[in-house]
Amino acid sequence: MLNVSLIAYTPEPEKVVAAAAKLCYSNAHIGDLLAGLTPEKSREFVQRLAKMGHESPTEHVSFTFAIEGVSRSLLAQITRHRIASYSVQSQRYVRLDQFDYVTPPEVQNDPEALEAFQQAMAEENENYKRIAAILKEGHIRRLMAQGMDEAAAAKKAEKLAIEDARFVLPNACDTKMVVTMNARSLQNFFRHRCCNRAQWEIRELADQMLRLVYPIAPALFAMSGPGCVKGGCPEGTMSCGEMAAMRDKYAQLKKEALDQ
């Protein structure tokens, strides 16, 4: 099951953004940057930046999330957001004899598809264990023939075996990661991944991440969400046609995030 936590972020993010912007638009000295930047003044500054479309000052604040219960399929999508830092559980070093996996809702809601899906996952789990065992045995023999003692050979063989056995693991196999994005990259992530056209799993992740950051910096993330929250739909002929409903959805999401 998807689980997201915000484990670290730049303290007083709106104040930091306002200070960076203040330097751009005034002759303030470094020692004076934070002077007079109350929460209210910082918020006004951030709102003014948003109206101007001046986004670079928002790069000075970052947010770090711990994420688990997502698929390797999602991993392939999220890492397309290049201005970010990722630390991902390694399948080279972590043995997955009984791997967890993510079941798509459409599969979950179809009994026949679900039975076939679960069978496929069980078979891949057995394939992984069988291939790893065969490879490990071969590596142990080779390493011991080279003069390595049995305990050391077994330890090294384990790593070598799962490194190659992992190739049989499915996209559904779950993973864990820590992700850090600056606010500008995070806005871009929300714009693309909160959209109705994004895949269901990464859209759910984006929604949860937005719920976590919005109460911390409501002015900074006031217009966050899919592109249609801020203006017209950017998807052109591929638009879902539900712009009004999406705006209502994200207005409600932000309200609930503040109320929690």
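I looked up the largest pocket first and found it lined by 22 residues, with Ala50, Glu55, Gln187, Leu220 and Lys230 nearest its centre. Helix 2, helix 7 (183–193) and helix 9 (227–230) are the elements that each give two or more residues to this lining. I took a pocket as an open set of points on a 1 Å grid over the protein atoms alone, where a 1.4 Å probe fits, with protein on both sides within 12 Å along at least five of seven lines, and lining residues as those having an atom within 4 Å of a point.

The model is predicted, so to speak of local features I need pLDDT of at least 70, and side-chain atom pairs count only at pLDDT 80 or more, while totals for chains, interfaces and linings use all residues. Numbering runs from 1 along each chain as its sequence is written, and side-chain values use heavy atoms, with hydrogens and water left out.

For the largest pocket I noted about 400 Å³ of space, and a lining of 9 nonpolar, 9 polar and 4 charged residues. The second largest pocket has a volume of about 160 Å³, and its lining includes Met1, Leu2, Tyr101 and Trp200. Helix 8 (200–213) and strand 2 each supply at least two of its lining residues, and helix 8 gives the most, with 3.

I then turned to helix 1, where Val17, Ala18 and Lys22 are among the buried residues, buried meaning under 20% relative accessible area with a 1.4 Å probe, protein chains only. The buried residues of helix 1 pack against helix 2 (39–52) and strand 2 (62–71), with contact taken as heavy atoms within 4.5 Å.

Definitions and conventions. Buried < 20%, exposed > 50% of the residue type's maximum accessible area, 1.4 Å probe, protein only. Helix = DSSP H or I, 4+ residues; strand = E, 2+ residues; numbered from the N terminus. Points joined across faces, edges and corners; volume = space filled by probe spheres on them. Nonpolar A, V, L, I, M, F, W, Y, C, P; charged D, E, K, R; others polar.
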